Amino acid sequence: MLRHEFQPGKLVAGLFLAATGAVYAGDAGGLWDTPWFVAVPLVVGGLCLAGATAVLARGIRRRGGAEGQR
């Protein structure tokens, strides 16, 4: 199996989208009542946090790679 580079931004985005799906699955199953507008802050906040995580991870990788070549 080929190994790939770990991308924490995609992990964070996936977790927030899965959480949004779980919230609406609970609403559909009758466990709780979820207003329709709950998805907006979950998805938008998750994507913003994922973007910040990706930028931070790229900065750490870029700085770590430059020091290793010197």
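A salt bridge here is a side-chain nitrogen of Lys or Arg within 4 Å of a carboxyl oxygen of Asp or Glu. The model on screen is predicted.

**Stop one: Glu5 and Arg61.** Select these two residues and show their side chains. They meet in a salt bridge, with 3.1 Å from N to O. Glu5 belongs to the segment before H1 and Arg61 to helix H2, so the pair ties together parts that are 56 residues apart in sequence. The structure holds one salt bridge, so by the 4 Å cut-off there is one such pair to look for. Both ends can be checked for exposure: Glu5 is partly exposed, at 48% relative accessible area, and Arg61 is also partly exposed, at 37%.

**Stop two: Arg58.** Stay in helix H2, which covers residues 39-69, and select Arg58. Its relative accessibility is 55%, so Arg58 counts as exposed. Now add Val38 and draw a distance between the two C-alpha atoms: the separation is 30 Å, for residues 20 apart along the chain.

**Stop three: Thr34.** Go to the loop between helix H1 (8-28) and H2, where Thr34 is found. Is Thr34 buried or exposed? Thr34 counts as buried because its relative accessibility is 10%, and the limit for buried is under 20%. Show the side chain of Trp32 as well; a polar contact of 3.1 Å joins it to the side chain of Thr34. Then select Val23, Tyr24 and Asp27, which Thr34 touches when residues up to four places away in sequence are not counted.

How values were computed:
Residues numbered from 1 in each chain as written. Predicted model: local features only at pLDDT ≥ 70, side-chain atom pairs only at ≥ 80, totals over all residues. Heavy atoms only, no water. Helix = DSSP H or I, 4+ residues; strand = E, 2+ residues; numbered from the N terminus. Buried < 20%, exposed > 50% of the residue type's maximum accessible area, 1.4 Å probe, protein only. Polar contact = N/O pair within 3.5 Å; in protein donor to acceptor, adjacent residues only side chain to side chain. Contact = heavy atoms within 4.5 Å.
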